Amino acid sequence: MPVRTRRWSDPKQPGDGLRVLICRYRPRALPKADETWDVWMKALAPSKELLARFQNGTIDWPEYRKGYLQEMAAQGEAPEAIEELAGRVRKGKTVTLLCSKSCEDEARCHRTPLKLLVEKAAVAR
């Protein structure tokens, strides 16, 4: 599946395809000319409440992941955004999901379950 994950501050790599920022907030003090993404889909970011609970240690990774997946399944823009990315993947195009530069552990970041959601949606049709 051509879905990659990186941080927005990681250098662009050949074959990244569409680079999608999936953070709730745009990076502060970053000039628009220095943006490393092609499109910003903040609907694919966790809610600020869920992220705050994870970051302050109120919930652990499994609970955060579960909450994030529930948010993505809920009505709103997220299911349509996931389907839009899945459609690109079905056509053989690469999508790179970009999270915060402070999010160093890919295994404990919402970009990983989101990657699986996109891949699953891409093969569902």
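Is Ala 29 buried or exposed? In this predicted model, Ala 29 comes out at 82% relative accessibility, so it counts as exposed. The residue sits in the loop that runs between β2 (18-21) and β3 (39-40). Its backbone is a bit of an oddity too: most residues other than glycine have a negative phi, yet Ala 29, which is not a glycine, has a positive phi of about 60°.

Moving inside, the largest nonpolar core is made up of 25 residues. Val 20, Leu 44, Ile 82, Leu 85, Leu 97, Leu 114 and Val 118 are the ones that touch the most other members. Two or more residues each come from β2, α1 (48-55), α2 (61-73), α3 (78-90), β4 (95-99) and α4 (111-123), with α3 giving the largest share at 6 residues. Take Val 118 as a close-up: once its neighbours within four places in sequence are set aside, Val 118 is in contact with Val 3, Ile 82, Leu 85, Ala 86 and Val 89. Apart from this core lies another one, of 9 residues, and its members include Leu 21, Cys 23, Cys 99 and Cys 103.

As for the cysteines, the structure holds 0 disulfides. Cys 99 has the sulfur of Cys 109 as its nearest cysteine sulfur, 3.5 Å away, whereas a disulfide calls for a pair of sulfur atoms within 2.5 Å, so this pair does not make the cut. Neither partner sits out in the open: Cys 99 counts as buried at 4% relative accessibility, and Cys 109 is buried with a relative accessible area of 1%.

Terms used
Residues are numbered from 1 along each chain as its sequence is written. This is a predicted model: local features need pLDDT of at least 70, side-chain atom pairs count only at pLDDT 80 or more; totals for chains, interfaces and linings use all residues. Side-chain values use heavy atoms; hydrogens and water are left out. Helices (H or I, at least four residues) and strands (E, at least two) are DSSP runs, numbered from the N terminus. Buried means under 20% relative accessible area, exposed over 50%, partly exposed in between (1.4 Å probe, protein chains only). A nonpolar core is a set of buried Ala, Val, Leu, Ile, Met, Phe, Trp, Tyr and Cys residues joined through side-chain atoms within 4.5 Å. Contact means heavy atoms within 4.5 Å.
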